[in-house]
Amino acid sequence: MKPKSLKNFLQYKSFILLAMLIFLASLLDKTFTTSANITNILQQIASNGIVSVGMTLVILTGGFDMSVGSTMALTGIVIMLMLKAGSNLFLAILCGVFVGVLTGLANGLLISKVKLSPFIATLATSTLSRGISFGVTNHRPVSVWNETFYQLATGSIGLIPISFLLFIVLAILTQIFISRTKLGHNIYIYGSNKEVGYAAGLNMDRTLILTYTISGFLASIGGLFLSSKLGTGSPVMAEDVALVCTTAVIIGGNRFHGNISSVKSMLRTVIGIFILGVLNNMLNLLGTMSYIQIIIRGLLVIIVIAVDSGVKEIRSTLVERIKLFFRRKDFE
Amino acid sequence: MDNDTLLVMNDIEKTFFGVKVLDKVNFDLKAGEIHALVGENGAGKSTLMKILSGSYQSDSGKIFIDGKQVHFKSPANALENGVGIVHQELMLAPHLNVAENIFLGREPKTKIGTIDWHQIYEKSKVLLEELNIRIDVKMRIEELTVAKRQLIEIVKILSLNPKILILDEPTSSLSDVDINLLFEKIKVLKSRRIGIIYISHKLNEIKSIADRVTVLRDGKYIETFLKHQIDIDQIINRMVGRKDSAIIKRDRKSLPGERILEVRNLTNRKIRNISFSLNKGEILGFAGLNGAGRSETMRALFGIDPIEKGTIIIRGINCKISHPNRAILEGIGFAPEDRREQALFLEKDVLTNITSVVLGKSSKLVRSLKNERNIATNFTEKLNIQTPSIFQIIKRLSGGNQQKAVISRWLSINPDILILDEPTRGIDVGAKREIYEILSSMVEKGVAVIFISEEMSELLALADRIIVMHEGKIMGELTYQEATQEKIMILATGNHIVERNENI
Amino acid sequence: MKISRFQDNLIYRIIKNIKDYYIWFFLVGIVTLISLFSDVFLQSSNIFNILRETVVVGIIAIGMTYVLIAHCFDLSAGAIMGLCAVISICLKPVNTMSTVLSVVIPILIGTFIGLVNGFLVGYLRLNGFIVTLGMQFLILGTTLLITGGNQVFIYKTTDAYFFLGNGKLFGIPFSIIVLILLCIIAQLVLSFTRFGQYLKLVGENEKSATLSGIKVPRVINQSYIFLGICAAISGIILASWVRQLDPGSGVGYEFSAITATILGGTSLLGGKGNVLNSFIGALIIVMITNTMMLFNIPYNYQLMVEGLILIIGAILGNYYGKKNK
């Protein structure tokens, strides 16, 4: 019983890093553990968190989605423009989300049917999308006041912001999707060996298209919350989101190749998002410049994969040694 | 008799790009029978089976299963109708576990529509138990040995209840012990009245397990042998169309020369205290089961894997070989087991593949394209590599020609020692013979050859001495005069040869 | 079977491989098309303008080609360029000594960063995408730190420094000469030296390359170093040219460089690529955006067209470089 739960726990090693960071932060600054600060952190990580849920799916298939940032921006812009034109909020949000779904579909089709690499396809749609953003806004941000919309970003239930709640709910739903449904499980099959999927009669193309569509959809939702928080829809918004979210997914422990289906990939991503969020918050509280945060983010990624690969090396050496020891004892 | 007949294939024809690959081929299969299908590469056996399993459609001809005519449009279609095929390249998802792989694509659902994992694990356990396979269903494929993976692949197909099971080269990556285990399972299937079609190059195995053997040659049906009629030389004769047998008994004219290599107490994670010597002009065979450590020894010798302990003495001088670069400088060449993944540059042309090593031999930074062309052309002619041009992309060549290119690569640097790991695996008889001749002429010129092979008959015919390994240790060494298949097997399974007094 | 001498023939092979050079036909096509609609396009001032703008991305694309051929990835190239450009200006090239430093130090930095990337990816065998992703942040942050979030600029520099980005040699802007020279040398190395062949072999199949005695980590390392140096050179020229830089310079250039290289037919799977083609790829991108500016087409459409070009270019690359089953 004990070794099994230990082995399970080790699948989420990044949690150790998170724990250390939280510990460090609470030591360095008293205000870290105040309820106001915690709410702040949860607030900050929500929109990127939502995007990262979608990004996790994409990374599980071995690809990545460079277009999430521009999708976020375009969604915000569309919502603002529609509100400005007098439409009701629900319709505006619907249209905004439609943008993300459309982009995701386009990405999925480009990669599976036109056989472009994910990098190229999503880079292209990202550029296209940005172009459209600049075009419809004439290079200027669009702002419209809408009470309900603003509530979305700032509203909370007790300490917990609505945006964060939605992030967790979406993460849980998506996790259930990939662990418990055939469509979702197919994503792991795609990431492990998609030829096997084809041979088994599964429509791997559809799996991929679905993956990117979900990513686009979630990017839209993230963009919704971002523009609600900023109170504006701007074509230069969310420029580096794709890279930041990829960082979060990777720091959490997911990889482009070799993901195991029994591990809760979403949990890893959530931990990764928290790590970046806590780090950001800690550095802000300490008054360090935001550039330091960028540097540390970069360092973290490199250290995480270096340590991971180093640990794998040591672990496989140990396993080999143990196997050899037992083989000497009993043959067969 | 008629009730037994499970499958009839009549007058099957198939043409690819104007080349007739199957010419009115007939084949039949009875329930509970193991029917082997043999032939050289290009004889048509794969194509015939691909048609049967639904990957291809025949141009003409009929297929009957249980008396009813069938026409499969896809592998899934064929599976529905009871025809399953286990390919040589295993179709498993490495990061998923056994149960997930068995039920891949057909996961049972619960009432609310989610995947019923409980059922998947339970059913998988049952399926494995039925065949007496002891593997934990929660283990990931990447954690299993090749032999176990193959068993899982077979279980996967079996779970679909096929009436006909096609096994394509099932034992090419298995050790003799694993092969016996596999045969056990096959016999269980036989008792369940499943018809098994068994494609293999390994005629010895076929002799022990097949009820019938059908030979194809150049797309045509040649002959079928019944169990008691199986004679390997005759089968080879029908496959090749020539009288002589596949293996030439080597004419050991010249005696081995001076010592060129001495290995003492070589030890690393996978091997322990390996010591042996090698002389010029000799072929040293390495026998053993899968996992015995032969490839691992050579990888350590060639500088691919690290060495913990031991010395390598070449031409009397102690050498520290930490990278293949160093080994090559010392005059060693190495053709690994996995030709496609580790030796060849598949998307590059023949010339590039042949010159990849000799490139590093010249001190100049600028390449001499003329020189490279000459070398490539030279060896292509000398070794009879069948290719329209030295600029042909090498993946279009057959396995035998690819291997010849790899050998050329090493010949071009005039090695003193050449290590070949399973050089004739997956190669048709004709090319095999050519490679044996190439080796013979090499050793006559004084090159020392280390030859790893699973085919004991090959080693017995070629090697001057045979070293047998087991579980990372050397169990014994046999000269060609004293070596027999039985003795090799004894050592390979970890036992010792007991000297007996023979009554003549 | 006798080897057909005909198929070994050089002319036959050139004709057969002509499809690798499709980008040149593309170029001719676009030039023809644009010149039909514009009288200004083919004027030498415009051509120099285009070439000058190609220089910055073009030089990075040259280095990027090497890294992509080796089947690696570098997301940090733009950031390296930015850092080197910023440092070049911050060293204030107002006298001979500082001018020399303004050129030498950035190149050293570019080399160093390339070395680190090469070490992490080549020797520690970490994933190139992730490593250079992290590197990008690291370097960007450092650049922001140095600039303190402000623009950096320099009004008056030495003539020598000014010459780098703005001078002319035999009537041709010096930066363009650097670009073309670098291009030619890089392609010659790729086609005719042992290192170039090693690069292609390593990118095609690392294991086979190792077993052929090639020191794979070293080759990968060298390709990253080359890219680092290219990024540095590009940065210096940019700095000399504009003499005024944004605090977070360099972001995005790696994407343009990769776009150019892919357009030129280099495969993301490694093993094949051509520096000249990458240069043409960069040229085409600049040509099209430049032309759109000429016709006063707004920026947003430029972006959209860039996206479309990338898609078309990648499709063409797939089609012509198709690995047949």
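This report looks at how chain A and chain B meet, and then at chain B by itself, in a predicted model.

## Where the two chains meet

Let's start with the contact between the chains. On one side, chain A puts 27 residues in contact with chain B, which answers with 24 residues of its own. Together they bury about 2400 Å², and 58% of that is on carbon and sulfur atoms. Over on chain A, the residues that lose the most area to chain B are A:R180, A:K182 and A:V196, which together make up 23% of what that side buries.

What about polar links? There are 7 residue pairs in polar contact between chain A and chain B, counting pairs with both residues at pLDDT 80 or more. Salt bridges are another story: the rule finds 0 of them across this interface.

## The chain A side

Three helices of chain A each give two or more residues to the side that touches chain B: α8 (162-180), α9 (182-199) and α13 (290-329). Of these, α9(A) gives the most, with 10 residues.

Sorted by class, that side of chain A has 9 nonpolar, 11 polar and 7 charged residues.

## Chain B on its own

Now for chain B, whose secondary structure comes to 17 helices and 20 strands. Its radius of gyration is 25 Å, close to the 23 Å the globule rule gives for 504 residues, so chain B is as compact as a globular protein of that length. Its C-alpha atoms fill a box of roughly 70 × 60 × 50 Å along the principal axes.

Of the 504 residues in chain B, 57% count as buried. Looking at chain B contacts with a separation of 6 or more, 66% come from residues 24 or more positions apart.

Definitions and conventions
Residues numbered from 1 in each chain as written. Chains lettered and ligands numbered in written order. Predicted model: local features only at pLDDT ≥ 70, side-chain atom pairs only at ≥ 80, totals over all residues. Heavy atoms only, no water. Contact = heavy atoms within 4.5 Å. Buried area = accessible area lost by both parts, 1.4 Å probe. Salt bridge = Lys/Arg side-chain N within 4 Å of Asp/Glu carboxyl O. Polar contact = N/O pair within 3.5 Å; in protein donor to acceptor, adjacent residues only side chain to side chain. Helix = DSSP H or I, 4+ residues; strand = E, 2+ residues; numbered from the N terminus. Nonpolar A, V, L, I, M, F, W, Y, C, P; charged D, E, K, R; others polar. Rg over C-alpha atoms; globule rule 2.2 N^0.38 Å. Buried < 20%, exposed > 50% of the residue type's maximum accessible area, 1.4 Å probe, protein only.
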